[in-house]
Structure formats: structure tokens, C-alpha cells
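Okay, thanks everyone, I'll keep this informal. Let me put the thing on the screen and then we'll walk through it chain by chain.

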Amino acid sequence: MEYFLIIISAIFVNNIVLAQFLGVCPFLGVSSRLSTATGMSGAVCFVITLATVVTYLLNTYLLVPLGLEFLQTISFILVIAALVQMVEIVLKKTSPSLYAALGIFLPLITTNCAVLGVAITVVSKEFSFGGAPHLMNLGEATVYALATSLGYGLAMILFAGMREHLAGNDVPKAFKGLPIAFITVGIMAMAFLGFSGIV
Amino acid sequence: MSKFSIITRGLVKENPTFVLVLGMCPTLATTTSAMNGLEMGLATMFVLILSNIVISLIAPVVPDKVHIPVYIVVIATFVTVLQLLMQAYVPQVYATLGLFIPLIVVNCIVLGRAEAFAGKNGALDSALDGIGIGIGFTLSLTVIGVVREILGSGSVFGWKFIAGDGILAFVMAPGAFLVMGYLMVLFNKLAKK
Amino acid sequence: MAACLTGVCLVCSAILGGVYAMTKEPIEEASRKALLEALAVVLPAEGEVNPEAQFIEFDGKNYEYYVQTLDTAVVCWAVKSAVGGFGGPLTLLVGVEKGGVVHATRVLSHSETPGLGAKCETEASFIDQFKGFDTSVKSLKVRKDGGDVDAITASTITSRAYAEAVSNAVKVVKKIQEEVQ
């Protein structure tokens, strides 16, 4: 039951882009075509989940026991950068087709603040999913990371679909491009507000 | 390029928020009020100036292949220094801005300036570039904050001049995107003239 | 190449270690000051507060509390009480006098909606109703649930959580008193 609440909350109620403003740059950058949006969503899902598990373990078993929590930011970003590199190399060797689909997005992910954002949130923020507030354990952290990244994918794919239609429409000149995109996201975010309070 | 134009360029022509559209996450998330926007802008400027200076000094000796990781480490160091200083001397501000202080590390503006400017120019020019872009970013965030605070809370910098609650949507997530979109339209109109 | 990266990492870690050592004292000082400020709000002015945290287990959870003494007799307790609110955890510091009377409350942290639930931190009419709230004659529930707490307009869930946190704190203090006797 608790995992179910985490999933609903992370995908809909506290959607990472539409409610938490994480990963907005790539969200706007690669959402002009549905196919690239899907590819990017896949890559982000993979990296966020993997990076969160690794940084969670690093934090719990190394930084906290040694009293080095102040190195969190710097060590997390290094781990993420190294992970992205590794994933790229492994994918290239083992699954060329997947690499062809996700490859070009991977280098962009290191500076996607959604990855670092989720990693830091998971180890520092208390959550209360229907119960008493507490810091997440590894299982909850993994489910949270996966659900959050699915929420990212959902928002991105929905938005890309709308943007493809927008491109063919007659938009006033000053609104062309990003301004109308922002306004569209704003209306989407308003729709997602409707989910608040269900968990 | 004159020293002065390095600074002014960041305000309008290469405004990081409205023209380059970089660093959107803190821009949208922390501008619920004018003060929050201003504080976030200043925090980013602190990291931007210091990392620009250090990177311009070490860039000539850093091998090309590892320059990005090295830049990230330098930036992350200054971000952590900022985190510790804020926790010690302005804990209230740190609590409000929260997650978005450590996230300065992945703010594309900071790494972008390191890569595009500081890595190729001297320390003084890089410092000026940091100041210019920093001021541009801070101003943009403050403007967005002012607009959202007026519409959402009926006040400016905490000074309330409209009684009542204001339009709550502008303090919440959708308002951030809407205000950003409309301000960009306005900026496009004015800057093109 | 690798040597360069390692070198930079080492230098940076060393700098951070230095800054951490320098700011450790002020950071602790700042959090102590924040705690004392909160304690001053929820506890009566007379008497002496022991800023040393004590712990008690209640209902499977660990609660942090502070005691205030007047002429060696304990007169008031301040309990840190956290519950799930509308947007996430809602943590309060609740001052409770003998006999289950609430002295005052204060929000330590919350993630409620700005302009709605977040008013639980600022709206005086809501916060003040808990001052001197006597649990022996009144019930710590919102009116909708048949209690005596006036909810914040359009924020029943937040108000309900707030009342629950205060109610838990009162129960914790009851247990503390029982254990002492």
C-alpha cells in the first residue's frame, strides 16, 4: 500500500517537472518531437533510478558513518557523471540498438538537475506516505526514484505530443517558440494541480 | 571587447533567463516572492564569479579530455562552500531555498559560462563576465518574483498593498510557467525594438 | 590526465574540509539559537528551560522533548511532534502544561500549499486557538470531525494534521508524567 502511495504521489501529485521544477531545461530542449522525447525519457528513467540507488548506498554506508555529509553535493555529482559515462560504454558494447536510441541523450543527462535533485531529496527529505514522517529506506528510495522518473517521462511525452500540434498552428510572432511552450506547460501544471490531495 | 560591455552584455543581449533560457529550474522554483528570487540570484552569482575566476586560472594546465569533470568539481566545491556559509550565517534563507542551493552545481549557466567564456579568457574578464551574467540572472529572477508576488500575494518584497489572498495559482507551480512565458513575450517585444 | 583530476579532487576536498571545520561551530550555534527561539515561544516565560533533548517512546515512535523547571519542579514540557500533512510532513513544537493544557504551538517545518495550508504557520487566529487549549474539557479535533478546533478555510487536511500533532504531543506528555511517578 505504501509503495502504491509513493508511486501515485511521485508520478501525479508531485510531478517532478510540473510541481517540483526539476529538469526543466531538457524538458523544453528535447520535447519538440515525440520520438526524441520518448528516447530522452527512457534514458532519464534509467539514469535516475541507477544513480539514486548508488548515491543512496554511498551516503548511507560511507558519508554518514564517516561524518562527511558536507561532501554530498560534490561526491553525488561525480558519481552521476561517472555513471553516465559507464552506462554509455556498457550500452555501446552490449546493446548497440539501445545505444543508438538513447546514446545521444546520455551526455546531456549529467547536467539534468532532476538526477541530482532526486538523489539529494531521497537522502535528506522526510516523507510521510500515509504514515509517520521518516527518511526513506533503500526500497522506498528505489521505488520513489523509478516513479519520479516515470512522471518525468509522462510529462515529457504528453508535452511533446502537444508541441507537435502547436508547431503547425498560427501563433502570434512574439509568442513563437519558447514563450508559448511555457504557457502550455503552465496550463498542464494547472491540470496536474487537480491531483493534489488524493494521496 | 571593452570591460564595460562584458558586464552589460549579460543584462539584455545575452540575458541568461529571457534570451539564453538557461537555469530554468531555480528560476521557476524559487521565484514565489521577490525576496526569494533575489536571494537565489545572489547565491548563483557568488558561485558564478568565483568558479569563473578559478577556472580561467587553471584552464591552461587542465588536459582537454578531463576539463568538464574538473570544472564540475571546482563548481561543486564553491557550491558546498556556499551551502556551509549559508547554513552558518543565514539558516532561514537556506531553509527557504532548500534543494536549489546544491542544485546550482548543475545550473547550465554556471557550467555554460565556464565552458564558453572562463576557459578561454583571463581572470579579470572572467570575473567581469561572472558579474554581468550574475546581475542579469539576479535581475530576471527578482522581476519574475515581483510579478508572482504581486499577483499571488498582493505584495512586493513583503510589503502588502492589496488586502486578501491574491491569486494563489501564481504562487503555485502553474503561475511560474505562465509568468515566465508572458514575461518572455514582453522581453521579445521590447528587445527587438 | 587522471592525475590532474585526482589532484583537483584532493585540493577541493581539502578546501572543503577546512571550510567545514570553520563553519561547524557557527552552524551548530545557529541551530541551537533556532531551537531556543522556538522553545521560548511554546513555553511559559518564567522558569528555566533545559536545552538538552530527551527522548521517549510512544506508540512505536521516538519523540524528542524538552523540560522546563520552576524551583526544581517540572512545570511544562515541549514535545517535537511530526505527522503527515497535505503536502508532506508537518513538524510542530508543542508546549504542554500539567493537566494536559496546551501552552502554545509552533511550526518547525512543513510542506503545505502556499496561501492555503501554509497559513498554519502564519495565521494568528488559527495558531492562537491552541494557546491554553484545555484537553480535559475540549477535544483536539477539527469541528468537521466533531471537535473544537476551527480549521483554516479550505485547508481541512492541514488543520486536521495540526490538531493530530498537538494531540499526540499531549498524549506523550501524559506518558512522561506517568513514567516519572
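So, to start us off: how much area does chain A expose, and what share of it do carbon and sulfur atoms supply? Chain A exposes about 8400 Å², with 71% of that supplied by carbon and sulfur atoms. And before anyone asks, yes, this is a predicted model.

Let's stay with chain A for a bit. There are nine helices here and zero strands, so to speak a plain run of α-α-α-α-α-α-α-α-α when you read along the sequence. The radius of gyration of chain A is 18 Å, close to the 16 Å that the globule rule gives for 199 residues, so chain A is as compact as a globular protein of that length. If you'd rather think in boxes, the C-alpha atoms of chain A fill roughly 60 × 45 × 30 Å along the principal axes.

What about burial and contacts? Of the 199 residues in chain A, 52% are buried. Take the contacts in chain A between residues at least 6 apart in sequence, and 74% of those join residues at least 24 apart. On charge, chain A has 7 positive and 7 negative side chains, and the centres of the two sets lie 18 Å apart.

One residue to click on: A:Ser75. You'll find A:Ser75 in helix α4 of chain A, residues 72-94. Is A:Ser75 buried or exposed? A:Ser75 has a relative accessible area of 16%, and under 20% counts as buried, so A:Ser75 is buried. Setting aside neighbours within four places in sequence, A:Ser75 is in contact with A:Leu58 and A:Leu63.

Quick stop at chain B, for one residue. B:Val21 isn't a glycine, yet B:Val21 has a positive phi of about 50°. B:Val21 is in the loop between α1 (3-9) and α2 (24-29) of chain B. And B:Val21 is buried, at a relative accessible area of 12%.

Right, chain C. Here we have three helices and six strands, and the pattern along the sequence reads α-β-β-β-β-β-β-α-α. The radius of gyration of chain C is 20 Å, well over the 16 Å from the globule rule for 181 residues, so chain C is more spread out than a compact globule. The C-alpha trace of chain C spans about 75 × 45 × 30 Å along its principal axes.

Same tour as before. Buried residues account for 42% of the 181 in chain C. For contacts in chain C between residues at least 6 apart in sequence, 47% join residues at least 24 apart. The accessible surface of chain C is about 9100 Å², and 55% of it belongs to carbon and sulfur atoms. Chain C carries 17 positive and 23 negative side chains, with the centres of the two sets 5 Å apart.

Now the strands in chain C. Let's begin with β3, residues 61-70, and β2, residues 54-58: these pair in the antiparallel sense over five bridges. If you want to trace the register, C:Glu57 has C:Asn62 as its bridge partner in β3(C), and C:Gln54 stands opposite C:Tyr65 in β3(C). β2(C) and β3(C) form a hairpin with two residues between them, and C:Asp59 in the turn has a positive phi of about 55°.

β3(C) has other pairings too. Strand β1 of chain C, residues 48-49, pairs with β3(C) in the antiparallel sense over two bridges, and there C:Val49 is partnered by C:Gln68. Then β3(C) pairs with β4, residues 73-84 of chain C, antiparallel again, over seven bridges. In that pairing, the bridge partner of C:Val67 in β4(C) is C:Trp77.

Which residue takes a positive phi in the hairpin of β3(C) and β4(C)? That's C:Asp71, near 50°, in a hairpin with two residues between the strands. C:Asp71 isn't a glycine either. At 69% relative accessibility, C:Asp71 counts as exposed.

Last pair: β5, residues 89-97, and β6, residues 101-109, of chain C pair in the antiparallel sense over seven bridges. C:Glu97 has C:Val101 as its bridge partner in β6(C). The hairpin of β5(C) and β6(C) has three residues between the strands, and C:Gly99 takes a positive phi near 80° there.

That's my tour, over to you.

Terms used:
Residues are numbered from 1 along each chain as its sequence is written. Chains are lettered from A and ligands numbered from 1 in the order in which they are written. This is a predicted model: local features need pLDDT of at least 70, side-chain atom pairs count only at pLDDT 80 or more; totals for chains, interfaces and linings use all residues. Side-chain values use heavy atoms; hydrogens and water are left out. Helices (H or I, at least four residues) and strands (E, at least two) are DSSP runs, numbered from the N terminus. The radius of gyration is taken over C-alpha atoms; the globule rule is 2.2 Å times the number of residues to the power 0.38. Buried means under 20% relative accessible area, exposed over 50%, partly exposed in between (1.4 Å probe, protein chains only). Contact means heavy atoms within 4.5 Å. Accessible areas come from the Shrake-Rupley method with a 1.4 Å probe; for residues, only the protein chains shown count as cover. Lys and Arg count as positive and Asp and Glu as negative; His and the chain ends are not counted. The place of a charge is taken as NZ of Lys, CZ of Arg, CG of Asp or CD of Glu. Two strands pair if DSSP finds at least two bridges between them.
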